[in-house]
Each structure stands twice: as structure tokens, then as C-alpha cells.
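Here are a few notes for a first look at this structure. Please read them with the model open.

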Amino acid sequence: MEYVLLGNNPEIQKIRRMIKTLSKTVFHVLIVGETGTGKEVVARLLHASSPRKKGKFVKVNCAALPLTLLESELFGYEKGAFTGAVSFKPGKFEIASDGVIFLDEIGDMPPLLQAKLLQVVQSGEFARLGSTRDIKVNTWIIAATNHNLKEDMKHGLFREDLYYRLSMITIEIPPLRERKEDIPLLTDYFIKKHQGTLKLKGEFQLDAELRNLFQAYHWPGNVRELSSIILRLMAGDEPEGVKEEIIRNMKADEVEWPEGIIAVPEEVVKAPKEIQGEEVSIKPLMELRAEALREIEHRVIRYALEASGWNKRKASRMLKISYKTLFYKMEELGIEKNRPKETLHSNTQI
Ligand SMILES: Nc1ncnc2c1ncn2[C@@H]1O[C@H](COP(=O)(O)OP(=O)(O)OP(=O)(O)O)[C@@H](O)[C@H]1O
Ligand SMILES: [Mg+2]
């Protein structure tokens, strides 16, 4: 598959120059950007333009696997390391030696693994699960995230030492709404690309009103969203329906859109207003999610504290978070530092 990072926006031009320079170095790289901005494209281009292109490009999604699976995926295991480990399996770090390991969604890596990763970053060495012998690898680490790692760090969710090691060279990809001058270029590129994928004959003409609307839209899903909207239209989705959807998204996200840019059907403009009517009052989904998460975290942490007899080291191990994170969480959730008297003999249930 061919990877290109198109765009005349000065930031994108700068990133293309950085890719050229960095591909000749050995510094680990951190790529930061919202979803769909092109983080994987940048990682693949770094690999392809470096002398490591003969080596493998191994992608690991750190958010997709639970702790133990991710650990064995990254570091491999010896035969008999755990039940079910019937034979030796090399980890992705070994497979990517002399090539690139792309640690996608690094912000979601559990703190326990962050410690092990730090060791690899520092020394290039680690031990497979079930082994005490260190293996040396020569793997170029490229990590990506759409989290604000500085914020995560403040909350004890991301290790400070690892952050500074990984972020020495950071590539920040701006969201599409901050480089709208590139939308026409990208639009034409995706039309051409999908023409091939869909094996369409004849030239595809994009509705002029839609083109204007593309310039006004805030693109929460960034370049990927632009690509998939164009694909949908080319596959036969009605332009009118797509227009309405875009406008509805803008209304829902309270994004200003220039009046008169297109003739908007009355019912589309009305729809969100009706939802905000007095009779149907809906709490924002994000707010609900945050509340539910807080509630669950509160219960689980209280449970772990009770179960460990309020031994915070034990509790943090049970929760698979660091001691520091537990402290921070307790403070945030308003949980008392020590065992409250009335719960001495209670049996807290989740
Ligand atoms: N500047 C660009 N030029 C051409 N294609 C691009 C550009 N940026 C992104 N794309 C395309 O947009 C899609 C999304 O890019 P990519 O997968 O790299 O995003 P991402 O930042 O890794 O997203 P996520 O955080 O959701 O994983 C891909 O199909 C990619 O090829
Ligand atoms: Mg990605």
C-alpha cells in the first residue's frame, strides 16, 4: 500500500521535512494528533524513508489488548511461562529488531507495561516472559497517541520518565479544521483514489454545494472522515442526505456555519432545536459517560481498599495501577485517605 502525506499547509510541509531528517537518525519519535489526522501515515513514511525499510514495520495497538496479552505480545514468552504457553513465541520487539515498532495509542498502555517499555527505551534490552535472560534488540520505536500525555502525566496515568524519553522528538499533526486550505487538494486526491478502488468508469463530479460545505465543516474525524464521506458519495449515497448529516453534526457540536453557504432545508435546521425543547431534556452523552466512569471507579477503588484492609500498596496492585495513581484517584474521587471507622467491619460489595 502506498502512503502519502499530502498538503501545502506549512505545518504539513514541516512534517514532511522532519520525516526526511528523522529517518536518518536513531531517535525514538512520538506522533501526536487527533483521530484520523494521519499519524499512521507519518509512521509508515518514517519507516519507508529510512535505511530500516528493509526491516519490518510492526504495528501494535496498545489499547486493543488487556495487560497480560499485551505484555506477551510485545515481549514474547518462553515455553511454559504460563498455562497455555506450549511453545516459545517471540515478541513484537524482537520481530521488529532492525525495523520499526509502531506503538499505536501509547496513551492507553497500562502503567505496569510502561515501566517495562522504559527499560527497553533506555537499554534496548528486556526479558521474555518466563525468562531471566535479557535480549538485546535494535528496534526503532515510533509511538502515537491522540491523548494529551502531559495531562495524563499530571493525573499519574502516564509515566513522566517514559514521556520525556519518548517525546524528545515529537511530531504534532494539526487537525484538518486548522488546515482547511488543504481540503480541496485532499478531496481531489480521494476522488481519484476511490475511483480506482470502486473501479468506477467516467469522471465523478462532486456537488458544488458539498464542496463549499466541506470548507465550513469542522471535521471531527479529520482526514479519515473526509475520505469516507467521499467514498460514500461515490458509492451512491445521496448528496442531499450527506449535506443534512454534516449540518446536523455542526449544529450538534455548536459550530458556526456561514448563513447562505447552501440552501438548508427547514426541517434540518429545526431538528436540533426540537431536541433542546423543554419537554425532552437530554444530558450530553460525554457528561453521562464521565459520571458513570466516576461512579464505577469510586466503587471499585473502595472495594479494593476494603479487600486489602486499606493497604494502599496492595490495593493498587489489585487494581493494576501505580501507588501514585491510586493516591491521585482517591483524592479526585473524594475517598478518605484512611479506613473510615464505620466501615471497619462492613463487607463492601461492588
Ligand atoms: N495528509 C494526508 N494525505 C493523504 N492521505 C492522508 C493524509 N492524512 C491522512 N490520510 C489518510 O487518512 C486516513 C487516516 O489516516 P491515519 O490512519 O494515518 O490516521 P491516524 O491519525 O492514525 O488515526 P487514528 O488515531 O484514528 O488511528 C488514512 O486512509 C490515510 O491514508
Ligand atoms: Mg492510527
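1. In this predicted model, helices α3 and α5 touch through a short list of residues. On the α3 side these are Leu67, Leu70, Glu71 and Phe75, and they meet Leu112, Leu113 and Lys116 of α5. By residue class, this contact between α3 and α5 has 5 nonpolar, no polar and 2 charged members.

2. How are the two helices set against each other? Helix α3 covers residues 67-75 and helix α5 covers residues 111-123; their axes lie 10 Å apart and make an angle of about 15°. Because angles under 35 degrees count as roughly parallel, α3 is described as roughly parallel to α5. The crossing of α3 and α5 is right-handed.

3. The sheet is a separate topic. What is the order of its 5 strands? The order is β2-β5-β8-β1-β9, in an open sheet with parallel pairing. From one strand to the next, the twist averages 20°.

4. Which strands stand at the edges of the sheet? They are β2 (57-61) and β9 (169-172). Each has a single partner strand, so one side of β2 and one side of β9 are left without a neighbour in the sheet.

5. One strand pair can be followed in detail. Strand β1, residues 29-32, runs parallel to strand β8, residues 140-145, and 4 bridges join β1 to β8. Within this pair, Val29 stands opposite Ile142 in β8. In the strand order given above, β8 and β1 are written next to each other.

Conventions
Residues are numbered from 1 along each chain as its sequence is written. Chains are lettered from A and ligands numbered from 1 in the order in which they are written. This is a predicted model: local features need pLDDT of at least 70, side-chain atom pairs count only at pLDDT 80 or more; totals for chains, interfaces and linings use all residues. Axes are lines fitted to C-alpha atoms, for helices over the stretch in contact, and angles run from 0 to 180 degrees between N-to-C directions. Helices (H or I, at least four residues) and strands (E, at least two) are DSSP runs, numbered from the N terminus. Angles under 35 degrees count as roughly parallel, over 145 as roughly antiparallel, 65 to 115 as roughly perpendicular and the rest as oblique. A crossing is left-handed if the near helix is turned anticlockwise from the far one by less than a right angle, and right-handed if clockwise. Two residues are in contact if their C-beta atoms, placed from the backbone, lie within 7 Å. Ala, Val, Leu, Ile, Met, Phe, Trp, Tyr, Cys and Pro count as nonpolar, Asp, Glu, Lys and Arg as charged, and the others, Gly among them, as polar. Two strands pair if DSSP finds at least two bridges between them.
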